[in-house]
Amino acid sequence: MAELTRRGVLAGFMAAGAMPVWAEAPLRSPVPPARPVRTVGGVAAAADAIIAEAKLGGEVAYVVADAATGAVLEARGGGREMPPASTAKVITTLYALEKLGGGYRFTTRLIATGPVSGGTLQGDLILAGGGDPTLDTDDLGDMARALAAAGVRGISGAFRVWAGALPYLASIDAGQPVWLGYNPAVSGLNLNFNRVNFVWKRNGNGYDVGMDARAERFAPPVYSATVAVADRDLPIYSYRDGKTEDWTVARPALGKGGSRWLPVRRPELYAGDVFQTLARAEGVPLPAPVVAEALPVGTDLVRHESDDLRTILREMMKFSTNMTAEAVGMMASAQAGINDHVASGRAMADWLALALGTGPVPLVDHSGLSGASRMTPDEMVRALVTMGPKAGLRGLLKEIPMLDAKGRRIPGSPIRVDAKTGTLNFVSTLAGYVSAPGGRELAFAIFTGDVPRRDAVPDDQKEQPPGVVAWVRRSKRLQQQLIERWAAVYGA
């Protein structure tokens, strides 16, 4: 796809005779079909009928445009501000690629403040994070092995952990329940997406419980977090931050056995705890980790580099990892000296508004986890058309399969969708690109949300409130039906 300038896109709008929908989007399709239209899979109903059939309540807003020219083909509430959910990661991806570059790599280091003499490091050893959101236990295991291979058998000083490469964030969204693994802390030293694995198994009338930091090759026990079983019904989980991160879990919720990732709130000490165990296994005993307030001057003994940023972003899009989005977003802002999560969200929003030539965009984070973020379908489609091609965005998005009425993938579907999904309680969004059977490329954003219903969910039901699964299923069906309609009406 040819690179587009903003002037060229605007010229495309006028050349195609598009009405000025970016500023004042029409509330219904500017070109609704007067009669049913044959599609690849049957008959495409009018958009209003599709929306009515979904019975979502709340709001449904969308924009679909020609991906090459930007000419808007159909819109409903395109200027309506709605929660973008995880489609906000599209914006974070564009922001990070511009500020950091696709080849950027995060570096985690083991730093020595003194020389190694007779196998003993004469000074402190520092595990220094570089903000890597993808660092896992296997990576730390490899670093411990490399430390031993460098001839280190012990240290005379302290074992310190440093996390100052990024601002500390206790949780991505303070309004979420404390036990949700997708809402952990973020810092400059992260491990396993800042989650600890809670495992349990029934043993007679009780349970064997524990915490570990498992990856593919290593699964060390964790000592910086504890768990105990409590004789109560609710809450299912409780959390207390003391000398360690202490969890309790309600006995009736456990069943015979299982495991669950719980969030970590002090990721630098968690990483230090795990590295201490791995180093000891390699014959390098270390004292308990302590936090370094500033990065000491020293010599790098071991360095671990992450995959390049494009690879990290592709995985983020695939698995929708909130911690990755926050880390890369804050690292992008750090290039301008911004060292605060709120200010970083504001900086990304201001960057987007300037790039699109719009008014303020109220994004408050980089992941879309916060229900307080707002964006319009207009703004999203503008970003897809004007910024996406240069960034190679489509190649980072996940293919969204077309499904039949039973939820099975339609084999050989002539419609290809590469997009980012977004889901919150009673919010479901989708944004990306469509290759239609007739050869036309489309860019689209669909935002659905019943915000009053979302806001009314009590705290003890926020993980999965009654009715939310069926609601999201109906929204996703609506999204596909709209895409099928657009492919039929505008695909040639």
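Among contacts in the protein chain that link residues at least 6 apart in sequence, 70% join residues at least 24 apart. The model behind this figure is a predicted one, and it offers a good deal to look at. The secondary structure of the chain amounts to 12 helices and 22 strands.

Overall dimensions come next. Along the principal axes, the C-alpha atoms occupy a box of roughly 85 × 55 × 40 Å. The radius of gyration of the chain is 25 Å, which agrees with the value near 23 Å for a compact globule because that reference is set for 492 residues. Of these 492 residues, 53% count as buried. The accessible surface of the chain comes to about 20600 Å², and carbon and sulfur atoms account for 53% of that area. As for charge, the chain carries 53 positive and 49 negative side chains, with the centres of the two sets 5 Å apart.

The interior is worth a closer look. In soluble globular proteins, nonpolar side chains tend to be buried together. Here, the largest nonpolar core has 60 residues, and Ile91, Leu352 and Met380 are those with the most contacts inside it. Leaving out residues up to four places away in sequence, Leu352 touches Ile91, Val361, Leu363, Met375, Ala383 and Met387. A second core, separate from this one, has 46 residues and includes Leu121, Leu189, Phe218 and Tyr270.

Two individual residues help to fill in the picture. Asp66 belongs to strand S3, which spans residues 59-66. Which side of the burial threshold does Asp66 fall on, buried or exposed? With a relative accessible area of 9%, Asp66 is buried, because buried means under 20%. Setting aside residues up to four places away in sequence, the contacts of Asp66 are Ala71, Leu73, Val385, Arg440 and Glu441.

Ile483 sits in helix H12, which covers residues 468-490. Its relative accessibility is 3%, so Ile483 also counts as buried. Which residues does Ile483 contact, apart from its neighbours within four places in sequence? They are Met402, Ile415, Val417, Leu430, Val434 and Phe444. Ile483 can also be placed relative to Tyr433: these residues are 50 apart along the chain, and their C-alpha atoms are separated by 9.9 Å.

Note on methods
Residues are numbered from 1 along each chain as its sequence is written. This is a predicted model: local features need pLDDT of at least 70, side-chain atom pairs count only at pLDDT 80 or more; totals for chains, interfaces and linings use all residues. Side-chain values use heavy atoms; hydrogens and water are left out. A nonpolar core is a set of buried Ala, Val, Leu, Ile, Met, Phe, Trp, Tyr and Cys residues joined through side-chain atoms within 4.5 Å. Buried means under 20% relative accessible area, exposed over 50%, partly exposed in between (1.4 Å probe, protein chains only). Contact means heavy atoms within 4.5 Å. Helices (H or I, at least four residues) and strands (E, at least two) are DSSP runs, numbered from the N terminus. The radius of gyration is taken over C-alpha atoms; the globule rule is 2.2 Å times the number of residues to the power 0.38. Accessible areas come from the Shrake-Rupley method with a 1.4 Å probe; for residues, only the protein chains shown count as cover. Lys and Arg count as positive and Asp and Glu as negative; His and the chain ends are not counted. The place of a charge is taken as NZ of Lys, CZ of Arg, CG of Asp or CD of Glu.
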